[in-house]
Amino acid sequence: MSHPRLVVVGSGWAGFYLAEYLSTTTYSVTIVSPRRTSAYTPLLASAACGLFNFYLAEEPVRSKTRKCRFIKANVLGVDFGSKSVHCAPAFEDDDTVSDQVFELGYDYLVLAPGCSPNTFETPGVAENALFMKNVSDAMAMRKLLFDLLEKASLPNCPPERKRELLHVAIVGGGPTGVEITAELDDLAQRELKDLYPEVAEYLRISIFDVAPYILGAYDQKLHEYANEALLRRNIAIETNSRIEKVDKHALYIKDKGRVPYGMLLWVTGNKATPLVMDLDVRKTEKGLVRILTDSHLRVFKSKGSDEVYDDIFALGDAADVQGASLPTTAEVAVQKAKYLVNFFNSRHSAHPISMPFTYRETQLVSYIGSHDGIIAGKGDREGWTGRSAWLAWRSGSVIWTRSWRNRVVILLTWLVNALFGKEIAKM
């Protein structure tokens, strides 16, 4: 007797957790994703700046111990009537293969396609900016940084050109943008001063954001503390900045004009994927477009309907619970994935789960550089700052990592870095 076909769309935090823990003795599990690895997104900036090797910031979907099927493809659409997903192989460098579309049937469907970087349709961003969604982005950031340092080190490079080349412009003053800034500044103040003594002084970092202040998810006391700490380290914070366009060498900001840069990192938030936009299901009406689910994570049918699909679920950044909106974070995605794993794995047991999903709030933590951090308050407890907040944030590198092998290697790498410094130039 064949097992029910359970198709998971996406291999991010939610999709990968499902692949790891769904019972393959009960279901025939298939993961469909354009990426064969799942990135530990909170670790990408650390890996890019040399705290540990890149392979520790991602996990392959295929594994000897993971008995699910993996298909490297993009899901283009869902036929709810025939219970099938329309797929195209995800090989950008091979149009012949990518054009060979196929159908994949399902008995249960879990939608976790994630989101795309939001460029707000700003001209030139897609062509010239770096993003920070996966390990290949982190690798591109490190390569460009060292290329810029080498160009600035050439004997015929004038001082003004050095300043332009070594200006890192980070658009987005949320936790991701600030944490990238923090890791880059730590690298600049330590290793780069020794590796590039002639040009390290020219390296400068700027944060641009359209909001009136950075780290808006924190209370006023905490985001002001972070702002002051960054300014003390000569990091420029350009709030109320409206970027009109971008070219290969500069940002063009309303009321500020042309701002040259060497590296542009765009970390402003998310937008819905084409799949989410095209699905004929209920979606959120304000802000980020997300698939609406009930409290059991079942997808509502077409717009205006209060009926749900009993065999289709959605979670991760691409989905939200009606009446209980939650942020697009790894913590939310993993908690929903744990709920669905328990739901599916208990369906054929003596005690199937019938309780709705409930989110257990965790504290928001951000690193702001120089062994300093901020932690949001929870309940009656106020937030706090300092070295203990940094340690809490840094411990997440171990907590988020799924394999014990990677956890041990990360800890050993930190120890070696503490004793001998980062060997980032060799990585």
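Which residues have the most contacts inside the largest nonpolar core? In this predicted model, where residues are numbered from 1 along each chain as its sequence is written, local features need pLDDT of at least 70, side-chain atom pairs count only at pLDDT 80 or more, and totals for chains, interfaces and linings use all residues. Side-chain values use heavy atoms, with hydrogens and water left out.

The largest nonpolar core, meaning a set of buried Ala, Val, Leu, Ile, Met, Phe, Trp, Tyr and Cys residues joined through side-chain atoms within 4.5 Å, has 77 residues, and those with the most contacts inside it are Met141, Leu184, Leu265, Leu340 and Phe344. Helix α11, spanning residues 330–346, gives the most to this core, with ten residues; helices (H or I, at least four residues) and strands (E, at least two) are DSSP runs numbered from the N terminus. Apart from this core lies another, of 25 residues, which includes Ile71, Val85, Tyr106 and Ala314.

Residues up to four places away in sequence aside, Met141 touches Ala48, Cys49, Leu130, Met132, Ile180, Leu184, Met263 and Leu265, where contact means heavy atoms within 4.5 Å. Of these partners, Cys49 has a relative accessible area of 1% and therefore counts as buried, a class defined as under 20% relative accessible area, with exposed set at over 50% and partly exposed in between (1.4 Å probe, protein chains only). Cys157, at 11% relative accessibility, is buried as well. The count of disulfides, each a pair of cysteine sulfur atoms within 2.5 Å, comes to zero.

Helix α11 also packs against helix α1 (residues 13–21), at an angle of about 30 degrees and with the axes 8 Å apart; axes are lines fitted to C-alpha atoms, for helices over the stretch in contact, and angles run from 0 to 180 degrees between N-to-C directions. From α1, Trp13, Ala14, Tyr17, Leu18 and Tyr21 meet a set of α11 residues that includes Ala330, Lys338, Leu340 and Asn345.

Towards the other end of the numbering, helix α12 (residues 387–400) and helix α13 (residues 404–420) cross at roughly 145 degrees, and their axes come within 8 Å. Here Arg394, Ser397, Val398 and Ile399 in α12 meet Arg407, Ile410, Leu411 and Trp414 in α13.

Gly257 lies in strand β15 (residues 257–260) and, at 28% relative accessibility, counts as partly exposed. Leaving aside neighbours within four places in sequence, Gly257 is in contact with Leu251 and Tyr252.
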